[in-house]
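Hi,

Here is the structure I promised to pass on. Have a look at it first, and then read my notes below.

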Amino acid sequence: MIDRKFIGHRFAPSSVEVEKGQLKFFALATGTTDPVYFDEAAARQAGHPALPAPPTFAFSLGLAKPDPFDWIKELDIDLGRVLHGEQKFEYFGQIYAGDVITLQAEVVDIYDKKNGALEFLVQRTTVTNQRQELVGVMTSSTVVRN
Amino acid sequence: MNLPNFDSVQVGDMLPPLQKPPITRHTLALFCGASNDHNPIHVDIDFARAAGMPDVFAHGMLSMAYLGQLLTHWVPQSALRSFAVRFSSITQLKDSITCQGRITEKFVDNGEHRARIELKAVNQDNDVKLIGEAVVALGH
């Protein structure tokens, strides 16, 4: 069982530069056909200052650190028993190649179902750019199969 | 890309569906690197079996990225206000995901004309893999 004392726990923030090469790789890996996401000329023609990050990319930025699953270890969870339950994004601005994004995650809830057979960990992560503009908020629910 | 107009969009309208090719081990290897999700359960069959799964399986966020494409084919990304999904069942190798969206509500919030879209990602057998909802701004 995940210790309920972690409700309210704030993880160490991480900062990451958005690399255009990775945006192009993400576009390739997801079979993106809209050139705005992988062709800088098309992006500029559409009014963007640089390649835009697609709608779910902030989640990947949250994993861009030496040990992306450090929080799972911090909470003493077995990585092999983890499933992604729910994911939400709220948008307040656009992330672009070259931005430096800071992610700050906090545990907002931990609960269980089926007498503890399934546990749910809910995290809320703020996504802020180098101008201290809040560009988004992510809410993730992780399921642990006990 | 122009925003669809609030008055020309009706509750019940479907977004043009998006059909993706079957998911292969190669798809998952590429997405592992591109998405920074290096959880071995998606690419290492030995790890997956040790964790009690029959084989590797797709990242939920891969199908969510597909649903994101469904949305940004219909409105520019700047019109997205929120985008949420529940991963209702595991997407397996060889699954072909089709993304669907249906307008469920038109409303005005903060002076902005918006639509709520019910989202679904289904496989070739019409099994629901992701179910969700997005709110987008419309032209007015």
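A good place to start is Q22(A), which sits in helix α1 (residues 20-29) of chain A. One thing to keep in mind throughout is that this is a predicted model. Is Q22(A) buried or exposed? Its relative accessibility is 15%, so Q22(A) counts as buried, the cut-off being under 20%. Leaving aside residues up to four places away in sequence, Q22(A) touches F57(A) in its own chain and G33(B), A34(B) and N36(B) in the other.

That takes us to helix α1(B). Its buried residues are T27(B), L28(B), F31(B), C32(B), A34(B) and S35(B). What do they pack against? Their partners are α1 and α3 (57-62) of chain A, together with α3 of chain B. At the start of α1(B), a side-chain oxygen of T24(B) comes to within 3.2 Å of the backbone nitrogen of H26(B). Just after the helix, N36(B) has a positive phi of about 70°.

Now the contact between the chains. It involves 35 residues of chain A and 36 residues of chain B. Together the two chains bury about 2,800 Å², with 60% of that on carbon and sulfur atoms. On the chain B side, N36(B), M61(B) and Q77(B) lose the most area to chain A, and together they make up 21% of what that side buries. So N36(B) turns up again: it is one of the residues touching Q22(A).

How many salt bridges run between chain B and chain A? The count is zero. There are, however, 16 residue pairs in polar contact between the chains, with both residues at pLDDT 80 or more. On the chain B side, α1 (25-35), α3 (60-74) and β2 (80-87) each supply at least two residues. α3(B) gives the most, with nine residues. Sorted by class, that side has 20 nonpolar, 12 polar and four charged residues.

The strands are worth a careful look too. An open sheet of 10 strands runs in the order β1(A)-β3(A)-β4(A)-β5(A)-β2(A)-β2(B)-β5(B)-β4(B)-β3(B)-β1(B), with antiparallel pairing. At the edges stand β1 (14-17) of chain A and β1 of chain B; each has a single partner strand, so one side of each is left without a neighbour in the sheet.

Where do the two chains join in this sheet? Strand β2 (residues 82-91) of chain A and β2(B) run antiparallel and are joined by five bridges. In that pairing, E86(A) has R86(B) as its bridge partner. On the chain A side, β2(A) also pairs with strand β5 (residues 134-145) of chain A in the antiparallel sense, over nine bridges. There Q87(A) stands opposite S140(A).

Within chain B, β4(B) and strand β5 (residues 128-137) pair antiparallel over nine bridges, and A121(B) stands opposite L130(B). Strand β3 (residues 98-109) and strand β4 (residues 112-122) of chain B are antiparallel and joined by 11 bridges; F107(B) has R114(B) as its bridge partner. The hairpin of these two strands has two residues between them, and N110(B) takes a positive phi near 55° there. β3(B) also pairs with strand β1 (residues 18-19) of chain B, antiparallel and over two bridges. In that pairing L18(B) is partnered by C99(B).

Last, the charged pairs. A search of the whole structure finds 17 salt bridges over all chains. Here are three of them:

- K24(A) and E40(A) meet at 3.4 Å, N to O. The pair links distant parts of the chain, 16 residues apart, with K24(A) in helix α1 and E40(A) in helix α2 (residues 40-45) of chain A. K24(A) is partly exposed at 31% relative accessibility, and E40(A) is partly exposed at 23%.
- D70(A) and K65(A) meet at 3.5 Å, N to O. D70(A) counts as partly exposed at 30%, as does K65(A) at 24%.
- D109(B) and R114(B) have their closest N and O atoms 3.1 Å apart. D109(B) is partly exposed, with a relative accessible area of 33%, whereas R114(B) is buried at 13%.

The D109(B) and R114(B) pair belongs to a network of salt bridges that also takes in R81(B) and E112(B).

Cheers

Terms used. Residues are numbered from 1 along each chain as its sequence is written. Chains are lettered from A and ligands numbered from 1 in the order in which they are written. Side-chain values use heavy atoms; hydrogens and water are left out. Two strands pair if DSSP finds at least two bridges between them. Helices (H or I, at least four residues) and strands (E, at least two) are DSSP runs, numbered from the N terminus. Contact means heavy atoms within 4.5 Å. Buried area is the accessible area (1.4 Å probe) that two parts lose on being put together, summed over both. A salt bridge is a side-chain nitrogen of Lys or Arg within 4 Å of a carboxyl oxygen of Asp or Glu. A polar contact is a pair of N or O atoms within 3.5 Å; within protein, one must be able to donate a hydrogen and the other to accept it, and residues adjacent in sequence count only if both atoms are side-chain atoms. Ala, Val, Leu, Ile, Met, Phe, Trp, Tyr, Cys and Pro count as nonpolar, Asp, Glu, Lys and Arg as charged, and the others, Gly among them, as polar. Buried means under 20% relative accessible area, exposed over 50%, partly exposed in between (1.4 Å probe, protein chains only).
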